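Please open the model in your viewer and keep the sequence panel visible. The tour below proceeds by selection, one stop after another.

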Amino acid sequence: MGEPQRRGGGGGGSGEDRISGLPDALLHEILVRLRSAAAAARTSVLSRRWRRVWAHLPELHLVAPPAAAPASFPATVDAALGGYLAPTLERLGVSHRTVQQGRDLRIPAGRIAPWLRFAAERVVGELYLYLCVPQTFYDFTPEVLGEEAVLELPVCQRAKRIELHLQYAYTTWLRPQASGGLFAALTSLKIDGYVHMQGSDLTALVSTQCPCLRDLDLFITLIAIFDVSTHSNSLRTLELKVLEIRHLEILAPSLEELVISNRPMEAQISAPKLVKVVWDDAYDPHLNRFVDVGRRLQLLRTSRQALSLAMQFDQVDELNLIVDLDFYDEAVYGSFVNETNKLPKFNPAVNEGLLLHR
């Protein structure tokens with residue numbers, strides 16, 4: 001007698017394809033673990049049963065191979081998003097990172113925009129866009145921000161977390177959708193890289209369009225020196241490295257953690273629940289004012305150039321002070337000792353971060 005005929009595509013001594021008989025939900029769980037939409041799509045060659053399984057995955061991870069050319073990767077992303085059939089998507093990740101250098105490696109804003117529009121329509125969970133091309137000093141020439149550099153950020157009403165990392169060698173002008181709709185479910189937003197925004201757009205995005213935002217992390221440059229206001233009843237953590245701010249106003253009654261990595265010209269901060277502060281720049285109490293904050297901090301991390309910030313509080317549980325000091329200079333050392341004598345009460349057992357130059 002001949003060998004029994006195999007059914008389906010595969011595995012097992014009996015020749016029976018047991019995997020294809022699994023429920024869609026379990027197949028989706030298996031394919032999601034590949035962390036690659038391209039690999040998941042390749043399973044469509046196994047049998048007719050598998051042809052559209054990938055197109056209903058709850059997560060899509062589109063990652064360019066290190067040697068992928070920028071010209072080919074956008075087409076791959078377009079094809080994957082065009083073939084996706086499920087009405088909603090829990091997580092969308094698009095990543096293009098290369099160690100190569102050169103102007104031609106940048107993916108134009110016009111090619112990225114449809115990906116964000118797809119996310120606005122489908123994503124109900126998390127959106128990650130990571131596009132990184134290294135910058136070199138010798139070929140860096142500032143570009144004039146024209147319409148071709150504009151990347152519109154459409155309103156993602158159902159997304160809960162958005163991270164946009166646009167670290168190109170040149171600039172991207174990020175502009176929120178003009179309709180002014182709400183990112184109604186968004187609780188976490190991170191934008192960094194070589195990104196420019198209008199100060200008025202940034203104020204509207206944070207203060208008006210994101211009513212549930214809890215965590216905000218921004219590293220951007222304003223197109224022109226401008227005032228920025230952050231009024232939010234929901235913010236818990238705020239990390240800002242925003243260049244070209246003239247006056248920063250923070251009104252956040254629920255804010256607990258504040259990180260300022262680039263001091264604005266002027267600042268007024270009202271955050272009565274604030275307990276952790278990181279201030280990585282110079283501090284001027286006349287220009288940078290904490291007008292309504294608690295009198296006790298759990299943590300203050302700063303430098304000698306901002307030591308007077310500690311004097312705005314009655315007690316600091318943990319003081320992380322970075323000091324670059326020549327202890328052989330008696331005048332400098334004496335001045336430092338006088339400054340530290342004015343510090344509020346703190347716990348020396350948890351004090352750390354002292355950097356000495358001899």
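**First stop: T221 and its contacts**

Select T221 together with V195, H196, M197, L243 and E244: these are the residues that T221 contacts once its neighbours within four places in sequence are left aside. The coordinates come from a predicted model. T221 itself belongs to strand 9, which covers residues 215–231. Is T221 buried or exposed? Its relative accessibility is 18%, and it therefore counts as buried, the cut-off being under 20%.

**Second stop: G181**

Move next to the loop between strand 6 (172–176) and strand 7 (188–193), where G181 is found. With a relative accessibility of 21%, G181 counts as partly exposed. Display V155 and Q209 as well, since G181 touches both, not counting residues up to four places away in sequence. Then draw a C-alpha to C-alpha distance from G181 to Q157: the two are 24 residues apart in sequence and 8.0 Å apart in space.

**Third stop: the largest nonpolar core**

In soluble globular proteins, nonpolar side chains tend to be buried together. In this model, the largest nonpolar core has 80 residues, and L92 and F290 have the most contacts inside it. Helix 4, residues 109–122, supplies the largest share of this core, with 8 residues.

Which residues of helix 4 are buried? Select A109, I112, A113, W115, L116, F118, A119, A120 and R122. To see what covers them, add the surrounding elements, which include helix 3 (73–83), strand 2 (89–97), strand 3 (123–132), strand 4 (150–153) and strand 5 (161–167). The length of helix 4 can also be checked: at 1.5 Å a residue, its 14 residues should span 20 Å, and the end C-alpha atoms are 20 Å apart, which agrees.

Now centre the view on F290. Apart from its neighbours within four places in sequence, F290 is in contact with L258, I269, L274, W279, Y283, L309 and F313.

**Fourth stop: strands 11, 13 and 15**

W279, one of the contacts of F290, leads to the last selection. W279 lies in strand 13 and is the bridge partner of I260. Colour strand 11 (residues 257–260) and strand 13 (residues 276–279): they run parallel and are joined by 4 bridges. Add strand 15 (residues 296–303), which runs parallel to strand 13 and is joined to it by 3 bridges. To view a pair of residues between these strands, select V278, which stands opposite R301 in strand 15.

Terms used: Residues numbered from 1 in each chain as written. Predicted model: local features only at pLDDT ≥ 70, side-chain atom pairs only at ≥ 80, totals over all residues. Heavy atoms only, no water. Core = buried A, V, L, I, M, F, W, Y, C linked by side-chain atoms within 4.5 Å. Buried < 20%, exposed > 50% of the residue type's maximum accessible area, 1.4 Å probe, protein only. Helix = DSSP H or I, 4+ residues; strand = E, 2+ residues; numbered from the N terminus. Contact = heavy atoms within 4.5 Å. Expected span 1.5 Å × (residues − 1). Pairing = 2+ DSSP bridges.
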